[in-house]
Structures are given as structure tokens and as C-alpha cells.
Amino acid sequence: MEKKNIILRTIVSFILIIAISFAQLPASVQAEEVKLNLYAKAAVLMDADTGRVLYDRCGNEQLPMASTTKIMTLLENANLEDTVTVSSYAASMPKVHLGMRTGEQYQLRDLVLSLMLESHNDSAVAIAEHVGGSVEQFAALMNKKAEEIGCKNT
């Protein structure tokens, strides 16, 4: 469990570093002193140890979950060494995709990288089906976990 927490914190930190790097914030200036020039519609920078919000933009606005959903896929319920077999449904995902074919097999670790770095829709569906049995059952697992860790309005 501790290893999963470390992985999750690392991923969240990586996302925050990317967000801050786009902010063009001078090193000598605190976030409260400057209006950040972010490309993101919404952002939050939180101290992971205390939960204190250091910066937010549109922090209370309800938005689609995209990246949050990706992070939730990494929380529990799977072994990164698992082999995932691609379903016809996963292989049929449009637009941003890895280009999977029905019946191909991938290591879960590789699909997670595809999902986190490139937002491949076919990887997301293959992971969801592998972990939850179906996209719908996986969504139920995510919602249950979100509730357990205190997420609201997800």
C-alpha cells in the first residue's frame, strides 16, 4: 500500500510541476503575489502533507474529470505486472488512441504510461476493463475510492 501512495504522490507532484512550469512564475515571487498566466482552465496547488491549498484557479467550479480520472486508475486494484488483453471495445476507441487491436496483449505498466503521458482512450478502456471488469464497474470502483478518501462532488 505504501508503494502505491508513493507512486500516487509522485504522479500528482509531476502534474503540479507541469502546471507550475506553464505558469511562468519568477522564482523569487510567491504564488499569492502574482496572477498566474496558466493555460489550464482550472488548477490547484496543495501541500500534500497539510492539505493546505497554496493556489487555486476555479477551485470550486465543476469541470470534467479527465486527469483526475487518470490518477484514480492508479490507486488500487491492479498489479502493474499484469498482462492486459485488448477487447474489441477498447480497440474501437476514437481520436486520441494508441492504435490497439483486438486480442493484443500489453503489460499494465505500459498501458499506464500510455494513459498518463498521452491520454490514449484505448489504453484507458483496456485498463478499466482489466481492473473493474467493465468501464461501468471500474467507474463504480473509482467513485467508491473517491468517497473513501473524502472527495466530494465527483
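Reader: Is Ser119 buried, partly exposed or exposed?

Author: Happy to start there. This is a predicted model, and in it Ser119 is partly exposed, because its relative accessible area of 32% falls between the 20% and 50% cut-offs. Ser119 lies in the loop between helix 4 (108-118) and helix 5.

Reader: What is the phi of Ser119 near?

Author: First the general idea: most residues other than glycine have a negative phi. Now the case here: phi of Ser119 is near 55°, a positive value in a residue that is not glycine. Cys58, also not a glycine, has a positive phi of about 55°.

Reader: Where is Cys58 found?

Author: Cys58 sits in the loop between strand 2 (53-57) and helix 2 (66-72). With a relative accessible area of 34%, Cys58 is partly exposed.

Reader: Let me step back. How many helices and strands are there in the chain?

Author: The chain has 6 helices and 4 strands, and along the sequence they follow the pattern α-β-β-α-β-α-β-α-α-α. Of its 154 residues, 25% are buried. The chain exposes about 10300 Å², and 54% of that comes from carbon and sulfur atoms.

Reader: Now a charged residue. Which side chain of opposite charge is nearest to Asp122, and how far away is it?

Author: A salt bridge needs the charged atoms within 4 Å of each other. For Asp122, the nearest side chain of opposite charge is Arg101, 9.8 Å away, so Asp122 has no salt bridge although it is buried. Asp122 belongs to helix 5 (residues 121-132).

Reader: Which residues does Asp122 touch, leaving out those up to four places away in sequence?

Author: Asp122 touches Ala90, Met93, Val96, His97, Leu98, Gly99 and Met100. Let's follow His97, found in the loop between helix 3 (88-91) and strand 4 (105-107). Apart from neighbours within four places in sequence, His97 is in contact with His120, Asn121 and Asp122. The His97 side chain also reaches the backbone nitrogen of Gly99 at 3.1 Å. His97 is partly exposed, with a relative accessible area of 39%. Its C-alpha atom is separated by 8.3 Å from that of Glu118, 21 residues apart along the chain.

Reader: What is the mean pLDDT of the chain?

Author: The mean pLDDT is 78, and 69% of the residues reach 70 or more. Over residues 21-32 the pLDDT is below 50, and this stretch has 14 contacts in the model beyond near neighbours in sequence.

Key: Residues are numbered from 1 along each chain as its sequence is written. This is a predicted model: local features need pLDDT of at least 70, side-chain atom pairs count only at pLDDT 80 or more; totals for chains, interfaces and linings use all residues. Side-chain values use heavy atoms; hydrogens and water are left out. Helices (H or I, at least four residues) and strands (E, at least two) are DSSP runs, numbered from the N terminus. Buried means under 20% relative accessible area, exposed over 50%, partly exposed in between (1.4 Å probe, protein chains only). Accessible areas come from the Shrake-Rupley method with a 1.4 Å probe; for residues, only the protein chains shown count as cover. Lys and Arg count as positive and Asp and Glu as negative; His and the chain ends are not counted. Contact means heavy atoms within 4.5 Å. A polar contact is a pair of N or O atoms within 3.5 Å; within protein, one must be able to donate a hydrogen and the other to accept it, and residues adjacent in sequence count only if both atoms are side-chain atoms. pLDDT is the predictor's confidence in each residue, from 0 to 100.
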